[in-house]
Amino acid sequence: MASKENRRITDMGTLKALAHPLRMKLYRGLIVARVATASQLAEQVDEAVSLVSYHLRKLAEHGVIEEAPAQSADGRERWWQPASDGVSIRDEDFRGAPEKAAVYTAASRLFSEQRADLYRRYLDERAHWTPEWNRAAESSESVMRLTAGELSELVADMQALFKAYTERGRAAEEAGDTEGRENVAVHTYAFPFRV
């Protein structure tokens with residue numbers, strides 16, 4: 001799948017569709033797999049294929065995912081792919097009313113919890129990863145004194161760096177360089193706080 005820009009979610013309907021625990025797991029599964037069938041995703045999330053198909057159709061209704069070209073000669077199953085490289089939600093798009101703010105907060109909490117679960121799973125399984133992977137893995141916190149403008153600049157710089165590495169990995173895989181490649185999650189949170 002060629003690189004596509006991230007999609008910024010600005011409407012309540014799409015955010016509500018994505019802010020469902022199973023739908024977010026399915027979406028994340030598609031981001032990792034790039035293309036998959038409902039059967040393949042159902043196996044990953046341990047749910048019935050019919051339920052997974054329903055939720056995939058809901059994500060497609062909101063343009064978060066889309067049908068992909070068939071990956072096999074068996075035309076009975078639909079193949080799905082993300083409609084973009086990722087999604088982003090911004091506070092400024094959901095400030096207009098209390099309901100919007102509540103949905104934004106609930107969605108943000110769900111995404112954060114699922115990311116934390118993914119990291120906890122790595123911690124539980126790290127003994128099964130090679131020393132090379134464990135040395136490369138990172139968990140740190142940096143506390144800085146910045147202005148809102150500097151924080152925006154830092155976030156933009158990090159996103160540009162992540163995009164460059166995403167494209168580099170994708171190009172290498174497309175060229176057949178798959179040896180030693182694994183899925184890698186990088187989670188960042190950049191926010192102001194007071195003590």
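The legends below describe close-up views of salt bridges in a predicted model.

**View 1. Salt bridges in the model as a whole.** Side chains of opposite charge can pair when their charged atoms come close. In this predicted structure, the count comes to 12 salt bridges. The views that follow show some of these pairs.

**View 2. Arg120 and Asp117 form a salt bridge in helix H5.** The N to O distance between the two side chains is 2.5 Å. Helix H5 covers residues 98-125, and the two partners lie three residues apart within this helix, so about one helical turn separates them. Arg120 is partly exposed, at 44% relative accessible area. Asp117 is also partly exposed, with a relative accessibility of 42%.

**View 3. Arg121 and Glu125 form a salt bridge in helix H5.** The closest N and O atoms of this pair are 3.9 Å apart. Because Arg121 and Glu125 are four residues apart in the helix, they are separated by about one helical turn. Glu125 has a relative accessible area of 34% and is therefore classed as partly exposed.

**View 4. Glu167 and Lys163 form a salt bridge in helix H7.** Their side chains meet with an N to O distance of 4.0 Å. Helix H7 spans residues 148-174; the two residues are four positions apart in this helix, which means that about one helical turn lies between them. Glu167 is partly exposed, with 35% relative accessibility. Lys163 is likewise partly exposed, at 35%.

**View 5. A network of salt bridges links three residues, Arg8, Glu92 and Asp93.** Here the charged side chains of Arg8, Glu92 and Asp93 are joined in a network.

Conventions. Residues are numbered from 1 along each chain as its sequence is written. This is a predicted model: local features need pLDDT of at least 70, side-chain atom pairs count only at pLDDT 80 or more; totals for chains, interfaces and linings use all residues. Side-chain values use heavy atoms; hydrogens and water are left out. Buried means under 20% relative accessible area, exposed over 50%, partly exposed in between (1.4 Å probe, protein chains only).
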